[in-house]
Structure formats: C-alpha cells, structure tokens
Amino acid sequence: MNSHMQEIISNGQELVKIVNQGLSSKNLAASTIVMISEMVQTVDGTETVKQIQQILPKIEDSLRSLTDTGSLSTALQSLIVLAEHHPTFFKPRYQTWIDLMLEIASASSLDPEVRLLSFEWVSTLTAATKGLLKVVTDFPIRVLSVAFLFLCEVGMMMNLMMAFTRKERQRWIFSSRS
C-alpha cells in the first residue's frame with residue numbers, strides 16, 4: 001500500500017469524509033464499496049477496521065440506492081470476497097446485513113444475477129462465520145424461504161416455457177395443415 005493511502009487510513013476523519021462523498025454519489029458508490037472492501041482486506045489493526053466499520057450504515061444505504069445492475073453486481077461481488085476473508089467486519093451489524101441481503105435476494109423486480117449474488121453473500125458469510133445462526137433472528141427459516149422463492153420462480157418459468165412450447169407446436173401443426 002502506498003504511503004499516501006496509509007496516511008489517509010491512519011487519519012480516520014479524512015477517510016470517513018472521502019468515503020462518505022463516494023458513497024453519496026450514484027456514479028461512485030459501487031467503486032467506493034469496492035475500495036472499502038479492498039481496504040479492509042489490506043489494513044492492519046483492529047482499530048483501523050473499527051473506524052471503517054463506522055461507515056457500514058452508509059454502505060447499506062448506498063446498496064439500497066444502487067439501481068444499475070452492473071454497479072450493484074460489482075459492489076456485491078466485492079462484498080462477497082470481503083465476507084469470505086473478513087466476515088467479522090460485518091459483525092456489529094450482522095442482523096442488518098442479513099436483512100438487507102435477503103431483501104435484495106427476494107426482490108423479484110431485480111435482475112436475477114443481483115439476487116443470486118446477494119444470496120451468495122449470505123451463504124459465504126454463513127460458511128465463514130461460526131455462530132451466525134444464533135445471532136440472526138429466524139435465520140434458517142428466512143434463508144429457506146428465499147431458497148424456496150427461487151425454486152418457485154424457476155418452476156413458474158419452466159411452466160411458462162412448456163406452455164409457450166405447446167403453443168408454438170400447435171401453431172406449427174395448424175400452419176402446416178394449411
């Protein structure tokens with residue numbers, strides 16, 4: 001890490017100011033989340049990580065405000081890596097983050113890739129964290145509910161595809177008789 005970056009990180013107030021500006025901008029929010037994820041993975045010391053944890057609520061707000069699928073996917077992918085390597089970063093707000101990611105995963109209006117990435121974040125954090133089931137209210141039931149929601153949607157899509165295929169076959173059969 002270059003000396004300028006180390007200097008910024010060591011001055012917590014400056015870091016919070018820079019990050020807040022990035023997270024407040026729709027154009028920079030995803031890149032700022034990626035930067036935060038990479039910073040957490042490279043900094044030394046629990047005090048610095050605790051300073052960065054102070055911006056978790058702002059990261060949550062930024063994720064909620066991202067509407068571009070590409071930006072949201074990029075941010076979620078970096079958060080998955082962070083959850084895998086530094087799951088305790090989210091510890092002060094496990095409940096809130098699980099709620100947020102399951103909310104994203106359940107939102108049928110979002111791109112399926114985004115929904116799957118948010119569900120992957122939950123499974124990654126679960127695999128990397130012992131005792132998460134005890135910390136998060138109704139965790140197993142909520143995760144299974146989202147998984148069943150995915151299965152139901154896949155089932156509905158299969159039924160639609162089969163119905164479409166039947167209609168196409170009927171259309172072809174009737175058109176070939178003419």
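Helix α6 is a convenient place to start in this predicted model: with 17 residues at 1.5 Å a residue, α6 should span 24 Å, and its end C-alpha atoms are indeed 24 Å apart, so expectation and model agree. Along α6, the residues S71, L72, S73, A75, L76, S78, L79, I80, L82 and A83 are buried, and the elements that cover the buried residues of this helix include α3 (29–42), α5, α7 and α8. The chain around α6 has 10 helices and zero strands.

**Overall architecture**

- Read along the sequence, the chain follows the pattern α-α-α-α-α-α-α-α-α-α, and buried residues make up 37% of its 178 residues.
- Among the contacts between residues at least 6 apart in sequence, 68% join residues that are at least 24 apart.
- The chain exposes about 10700 Å², of which carbon and sulfur atoms supply 58%.

**Contacts between α3 and the α6 region**

- Q41, whose place is in helix α3, is partly exposed, because its relative accessible area of 29% falls between the 20% and 50% limits.
- Leaving aside residues up to four places away in sequence, Q41 touches V81, L82, H85 and H86; of these, L82 is also one of the buried residues of α6.
- Q41 and V81 are 40 residues apart in sequence, while their C-alpha atoms are 9.3 Å apart in space.

**Salt bridges**

- Side chains of opposite charge can pair when their charged atoms come close, and in this model the count comes to three salt bridges.
- The side chains of E60 and R93 meet in a salt bridge with an N to O distance of 2.6 Å. Because E60 lies in helix α5 (residues 56–65) and R93 in the loop between α6 (69–85) and α7 (94–106), this pair ties together parts that are 33 residues apart in sequence.
- The two partners differ in burial class, since E60 is buried with a relative accessible area of 2%, whereas R93 is partly exposed with a relative accessible area of 25%.
- The side chains of D99 and R142 also meet in a salt bridge, at 2.7 Å from N to O. With D99 in helix α7 and R142 in helix α10, the pair ties together parts that are 43 residues apart in sequence.
- Both partners of that bridge are partly exposed, D99 having a relative accessible area of 27% and R142 a relative accessibility of 25%.
- D61 forms a salt bridge with R64, the closest N and O atoms being 3.8 Å apart, and the two residues both lie in helix α5, three residues apart, which is about one turn of the helix.
- An α-helix has 3.6 residues a turn, so residues three or four places apart point the same way.
- D61 is partly exposed, with a relative accessible area of 45%, and R64 is likewise partly exposed, with a relative accessible area of 43%.

**Aromatic residues**

- A pair of aromatic rings is described by the distance of the centres and the angle of the planes, and the count in this model comes to four aromatic pairs.
- In the pair formed by F89 and F90, the ring centres are 5.4 Å apart and the planes stand at 80°, so the pair is edge-to-face, the cut-off for that class being over 60 degrees.
- F89 counts as buried at 2% relative accessibility, and F90 counts as buried at 0% relative accessibility.
- F89 and F90 join W97 and W121 in one aromatic cluster.

**A buried arginine in α8**

- R115 is found in helix α8 (residues 112–128) and, at 5% relative accessibility, counts as buried, because the limit for that class is under 20%.
- Not counting residues up to four places away in sequence, R115 touches I104, A105, S106, A107, S108, L110, L149, F150 and E153.

**A nonpolar surface patch**

- L144, F148 and L151 make a nonpolar surface patch of about 330 Å², and the place of F148 is in helix α10 (residues 139–177).
- Helix α10 thus takes part in two of the features described here, because R142, the partner of D99 in the salt bridge, lies in α10, and F148 of the patch lies there as well.

Note on methods. Residues numbered from 1 in each chain as written. Predicted model: local features only at pLDDT ≥ 70, side-chain atom pairs only at ≥ 80, totals over all residues. Heavy atoms only, no water. Helix = DSSP H or I, 4+ residues; strand = E, 2+ residues; numbered from the N terminus. Buried < 20%, exposed > 50% of the residue type's maximum accessible area, 1.4 Å probe, protein only. Contact = heavy atoms within 4.5 Å. Patch = residues over 30% accessible without salt bridge, like charges linked within 9 Å, V, L, I, M, F, W, Y side chains within 5 Å. Areas by Shrake-Rupley, 256 points an atom, 1.4 Å probe, with all protein chains shown as cover. Salt bridge = Lys/Arg side-chain N within 4 Å of Asp/Glu carboxyl O. Phe/Tyr/Trp six-rings, centres within 6.5 Å; stacked < 30°, edge-to-face > 60°. Expected span 1.5 Å × (residues − 1).
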